[in-house]
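Trainee: I should like to request a close look at one part of this model, with the criteria behind each term made explicit.

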Amino acid sequence: MSNRTDHPWWERGTVYQIYPRSFQDSDGDGVGDLAGIERRLDHVAALGVDAIWLSPIFPSPMADFGYDVADYCGVEPLFGDLAAFDRLLTAIHARGLKLLLDFVPNHSSDQHPWFAESRASRHSAKRDWYIWRDPAPDGGPPNNWISDFGGSAWEYDAASGQYYLHAFLKQQPDLNWRNSELKAAMLDAMRFWFDRGVDGFRIDVLWHIVKAEGFPDNPPNPYWRPGITERDRLIQQHSTDQPEAHAIAAEMRAIADSYGERVLIGEIFLPNDRHARWYGTPERPQVHLPFNFQLIENAWDAATLRDMIAAYEASLPPHGWPNWVIGSHDAPRIAARVGQAQARVAATLLLTLRGTPTLYQGDELGIGQVDIPAERVRDPQELRQPGIGIGRDRSRTPMPWDASPFAGFSTVEPWLPLNPDWPTRNVAVQEHDPRSMLTLYRRLLALRRAQAALAVGDFRLLDAPDGVLAYERRHGDERLRIALNLTDAAKPLPFAPDVLLSTLDPAPDGVLRANEGIISR
């Protein structure tokens, strides 16, 4: 790829995800809030990222902790109010950071006034704002679709004698984006926040928002077996990734572009060829960044990652910019997946690949496995399908700030347990430790800012010994090489070292130590 000089901020920069319930409690209720986020902004700014993405902050009954929205143009009182939001946005911008909100277009809460009106009568003006269907001939659900949280994706409403669709909990009825009035209302909600000054959106389950006409049954998944989530019994052929959804994404993009340099990040879980379509075309673009979760989904070994990176890069359209994620509020912690030693290698990989990286709060501390006692489980996904490893509470535990009671997160017991090693694994402890995970993240992000080759340069895979992933980044005359040892044995370094950074300083010449990553001129 040729070197470009016109990269917008969202290509040059790094995104940091904050889960508001778990970042900082300012009012002593054990739950994080907007004022708490504002209080901790200096940590985010010092980290060296460029933008903050907030998981949903809208009014919600919290059946799915904010992903069941009861008002798209307000703030959940648990987190604050619109005035608190405006103060936070001003404080974020004052630090030179951007703010992205989490937009949830596939479904609302069943407590949203729209749904209350839709449910009131078959003849309601908003009946068609949601997806209602008559029962099957046997009186059961209209088709075989399964909710992502298990069980039928249809809920029977005895008062009207019809079923409504919910891809997730029954408290999250799906919106009908084929209805022009509903679409207009949702796009107006995006404009509301753009008018308020936000810099973009991460769009939740974007590939879900349109369903196939006629609602045919989804085909069975021949690879399903017990122990896998019930959702995966079927292939979601007709309930997701419909062609009409791309036109809606293009309308969202047109709105974003009308506000200047704004960004849309779409949550998309699809194979590379279908994933790439969500960029749209240069003439009719869609989202700027279809989220790429492949570092989370693939085995942690050099050969697998090399093949995956090559295939992903090859799948991108010429106008498409890559992006990478190793952690989120839905995924297991990277340090829990690969261990503390490899978590340092993973940080180096994330921040040196070509494309926009997204960090998740707490990964910069190396928070690892957090076991949630049965009586403390809050995640509806785990409560509905326990014991198969799909619980998300483990990634949503509160940020540990210091060694004071409740880790400085709150003055009372937090809504979820802290990581068990919080007295020694917290921001205050790692702040001035030159070998800490926090220091490594800060060094990597500073290097990324200083070296255009890392931020926006070209990418080329290099030959390397088994167990080592190596590649080159180049921008103009600037050339850097990265070698990552994904094993616990020393390996030959595949190029002459002129080391800018090692995950295990100091770096010996000519040898890549076990679990070491280096960046070299």
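Trainee: Which residue in β6 is the bridge partner of Glu155?

Mentor: The bridge partner of Glu155 in β6 is Tyr164. This is a predicted model, in which local features need pLDDT of at least 70 and side-chain atom pairs count only at pLDDT 80 or more, while totals for chains, interfaces and linings use all residues. Residues are numbered from 1 along each chain as its sequence is written, and side-chain values use heavy atoms, with hydrogens and water left out.

The pair belongs to an antiparallel arrangement of β5 (residues 154–157) and β6 (residues 162–165), joined over 4 bridges. A strand here is a DSSP run of E with at least two residues, numbered from the N terminus, and two strands pair if DSSP finds at least two bridges between them. Between β5 and β6 lie 4 residues, giving a hairpin; in its turn, Gly161 has a positive phi of about 75°.

Leu165, within the range of β6, also helps to line the largest cavity. Other lining residues include Trp145, Ala153, His208 and Lys211. A cavity is a set of points on a 1 Å grid over the protein atoms alone where a 1.4 Å probe fits but cannot get out, and lining residues have an atom within 4 Å of a point. The volume of this cavity is about 70 Å³, counted as the space filled by probe spheres set on the points. By class, its lining has 5 nonpolar, 3 polar and 3 charged residues; Leu, Ala and Trp are among the nonpolar types, Lys and Asp among the charged, and His falls with the polar. Across the whole structure, the search finds 3 cavities of 30 Å³ or more.

Technical notes
On a 1 Å grid over the protein atoms alone, a cavity is a set of points where a 1.4 Å probe fits but cannot get out, and a pocket is an open set with protein on both sides within 12 Å along at least five of seven lines; lining residues have an atom within 4 Å of a point.
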